[in-house]
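Q: Please take a close look at the salt bridges in this structure. Which residues pair, and how buried or exposed are the partners?

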Amino acid sequence: MKFAHVIIAAAVALSAWTLAPAETSLGNAPVKKFRLPSFNEAGFRMGLLTGDEAIMVSSTQIDLREMHFTTFSGDEKNAVEMTMLAPVATVRIPEPNKTIVEGKGSIRVIRNDLDASGEDWTYNHTERRLVMRKNVRFVLQAELKNLLK
């Protein structure tokens, strides 16, 4: 199942829970220890989005506190490709099969070959593209052959 489909399914489930009648006193209560895995059509894990707390803002938006988003290779190796950490994030699904994760605050990105941080960021999961707009810092852990030649 595609990542966006899983988030939409979770959003529908969350909306039914958070929009419960007032007599249940759930109101718009946050979901604690939020976990949302995603899988490709072959059944391999593509991502795991977690947060200490999730609030369903609308049928297309979830706000997270202490986001931890890990992407995987999507094959039998199940290798971690990238981990993103942010104290606050917003997950938006503007249309089916399109997922955007963003935040105005800080983010840290960890891969085998780099460690990066910045602020005011947007991650397009469909395109697998991350943009950091402020205070960007990269530490590359790759060999740069013949750099000073």
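A: The model is a predicted one, and a search of the whole structure finds 10 salt bridges. Side chains of opposite charge can pair when their charged atoms come close. Three of these pairs are described here in turn, followed by the pocket.

One of the salt bridges joins Glu-53 to Arg-65, with 3.8 Å between the closest N and O atoms. Glu-53 belongs to strand 2 (residues 45–58) and Arg-65 to strand 3 (residues 61–72), so that distant parts of the chain, 12 residues apart, are linked by the pair. Glu-53 counts as buried because its relative accessible area, 13%, falls under 20%. Arg-65, in contrast, is partly exposed at 45% relative accessibility.

Another salt bridge is formed by Arg-92 and Glu-102, whose closest N and O atoms are 2.6 Å apart. Here the link runs from strand 4, which holds Arg-92, to strand 5 (residues 98–110), which holds Glu-102, and the two residues are 10 residues apart. Arg-92 has a relative accessible area of 28% and is partly exposed. Glu-102, at 22% relative accessibility, also counts as partly exposed, because the buried class is confined to values under 20%.

Lys-104 pairs with Asp-120, the closest N and O atoms lying 3.4 Å apart. Because Lys-104 lies in strand 5 and Asp-120 in strand 6, this salt bridge ties together parts that are 16 residues apart in sequence. The partners fall into opposite classes: Lys-104 is exposed, with 69% relative accessibility, whereas Asp-120 is buried, with a relative accessible area of 16%. Salt bridges that share partners also join Lys-32, Glu-53 and Arg-65 into one network.

Charged residues are found in the largest pocket as well. Its lining of 17 residues has Met-82, Val-109, Arg-111, Leu-114 and Leu-130 nearest the centre. Strand 4 (80–95), strand 6 (114–124) and strand 7 (129–140) are the elements that each give two or more residues to this lining, and strand 7 supplies the largest share, five residues. By class, the lining residues comprise 10 nonpolar, two polar and five charged. The space in this pocket is about 290 Å³.

Terms used
Residues are numbered from 1 along each chain as its sequence is written. This is a predicted model: local features need pLDDT of at least 70, side-chain atom pairs count only at pLDDT 80 or more; totals for chains, interfaces and linings use all residues. Side-chain values use heavy atoms; hydrogens and water are left out. On a 1 Å grid over the protein atoms alone, a cavity is a set of points where a 1.4 Å probe fits but cannot get out, and a pocket is an open set with protein on both sides within 12 Å along at least five of seven lines; lining residues have an atom within 4 Å of a point. Grid points are joined across faces, edges and corners, and a volume is the space filled by probe spheres set on the points. Helices (H or I, at least four residues) and strands (E, at least two) are DSSP runs, numbered from the N terminus. Ala, Val, Leu, Ile, Met, Phe, Trp, Tyr, Cys and Pro count as nonpolar, Asp, Glu, Lys and Arg as charged, and the others, Gly among them, as polar. A salt bridge is a side-chain nitrogen of Lys or Arg within 4 Å of a carboxyl oxygen of Asp or Glu. Buried means under 20% relative accessible area, exposed over 50%, partly exposed in between (1.4 Å probe, protein chains only).
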